[in-house]
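Please look over the sequence and the model shown here. A short set of questions and answers comes after them.

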Amino acid sequence: MQYQSINPTTASPGAEFALITNEALEATVQQAADAFEVWRGTELSVRSAMLRAVAACLREDAGRLASVIVSEMGKRVQEAYFEIQLCAQICDYYADHAGQFLAPEQVPGVEGALVLKEPIGPILAIEPWNFPFYQIFRVAAPQLAAGNVVIVKPSELVPECAVEIAALFEKHCDVKGVYTNIFASHDQIGELIADARIRGVTLTGSTRAGAAIAEQAGRNLKKVVLELGGSDPMIVREDAPVEWAVQQALFGRLLNTGQCCVGTKRLIVVGEERAQILEAALARIFATIPAGDPGDPKTKLGPLVSARAAQTLQDQVDRAVAHGARLVAGGSRMDRAGFYFEPTILADMAPDNPVYREEFFGPVLMLDAVGSDDEAVSLANATPFGLGASILSEDIEAAGRMARRIASGMVFINQASRTQADLPFGGIGQSGFGRELAEAGFGEFLNRKLVTAVPCGTPPLGA
């Protein structure tokens, strides 16, 4: 494993970082364990002030930090800037609401019974490359506010982003070891999960990685949260305006060049004729989307993160077509420097196509026509994933009824997707379990301690 930046736009190598030694890793874990004993006892106002200071720095330095994201993983500059702003919002949200979330709760109807909410210790966060700031902040901000400490293993593709994040926390936190990056190997991560000082594990990544981490955590009786892949459907009901649906599908599929777990992967259109109209419109647009430097605000399509990502996508498209899918647009890597892939549409891809059950992590859209809402729901659920889904309709109530029938952790009506600090994020099935963000994410690594009190002299079984 090598931690090195490679500019996806030019394929040129950047900074390289050495793996942490076993001795340094041991020192890091002990420092985090020691920091927890201090951090858990700090006033909530101190923890909140730290998060607000980090948020202010994110906003003040947003342009430069966005440029680091652009150069390291190829995100378009507008999207990178939005990501930094979102991280600042997350910090402020938990600074504002941690007190409410940590408040003891009286057990209804049981006098003298109280549930306390206490931090549990160092949390190991294993994070991906596709949203290199947001994925870390949506774990670090709530857990640091709660009184836990965090050790982050970032993706080996975005080490410079990880260094920038660590510098922010080091600058504004007086307790050393509250937030730490580690450039660790897979074997070292396995050892960390087994370490008694690590009290919880959270991972955002592939289903395969999630299964491996869950197995290791389970053997060691560690609480684990998994945010994994998705194959999110977008259902276009018969009453949804076609031109608007085209724009929603474009945003849903091309956000972050399609490298988004909750992006639109499958477009399910009710009505054969409407499906043909949508297919033709999307094909025309896909064929003319200008690819270019993601640092240029005029660029509409950036590169994939790596040569490996581009090759994986090519293999998936080729296998899908070989098993009967109809190639409508795109389908190949672009003949240019960097890791660019043509925006691609695959139609008539039956659920028994072996590639249908995989996640396309790039600008590839599957399109299907169905005859009714019931068929749309059935096809939406024909996947082992269950992260998000979206429904486009003028009839909000009807869309709401459909949403209740879709097997997923999130459903977005008349939006391709949505994430913000106060909305819980997570899925079911092979998309993982547990939640991030909002109060749900804050509470994933808390000990809900029951304390009961009855008068002195009460019989052993008395109430």
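What follows is a dialogue on cores, rings and one loop residue.

Tutor: This is a predicted model, in which local features need pLDDT of at least 70 and side-chain atom pairs count only at pLDDT 80 or more, while totals for chains, interfaces and linings use all residues. Residues are numbered from 1 along each chain as its sequence is written, and side-chain values use heavy atoms, with hydrogens and water left out.

Student: Which helix gives the largest share of the largest nonpolar core?

Tutor: A nonpolar core is a set of buried Ala, Val, Leu, Ile, Met, Phe, Trp, Tyr and Cys residues joined through side-chain atoms within 4.5 Å. The largest one has 119 residues, and Leu58 and Phe137 are among those with the most contacts inside it. Helices are DSSP runs of H or I with at least four residues, strands are runs of E with at least two, and both are numbered from the N terminus. The largest share of this core, 13 residues, comes from helix α4 (residues 77-102).

Student: How are the rings of Tyr3 and Phe183 paired: stacked, edge-to-face or tilted?

Tutor: Rings of Phe, Tyr and Trp (its six-membered ring) pair if their centres lie within 6.5 Å; planes under 30 degrees apart count as stacked, over 60 as edge-to-face and the rest as tilted. The centres of Tyr3 and Phe183 are 4.9 Å apart and the planes stand at 35 degrees, so the pair is tilted.

Student: How many residues apart are Tyr3 and Phe183?

Tutor: Tyr3 is in strand β1 (residues 3-6), and Phe183 is in the loop between β7 (179-181) and α7. The pair links distant parts of the chain, 180 residues apart.

Student: Which residue lies over the face of Phe131?

Tutor: A charge sits over a ring if NZ of Lys or CZ of Arg is within 6 Å of the ring centre and within 35 degrees of the ring normal. At 3.9 Å from the ring centre of Phe131, the residue over its face is Lys75.

Student: Is Asp195 buried or exposed?

Tutor: Asp195 lies in the loop between α7 (186-194) and β8 (200-204). Buried means under 20% relative accessible area, exposed over 50%, and partly exposed in between (1.4 Å probe, protein chains only). Asp195 has 17% relative accessibility, so it counts as buried.

Student: Which residues is Asp195 in contact with, leaving aside its neighbours within four places in sequence?

Tutor: Contact means heavy atoms within 4.5 Å. With those neighbours within four places in sequence left aside, the contacts of Asp195 are Val29 and Lys222.
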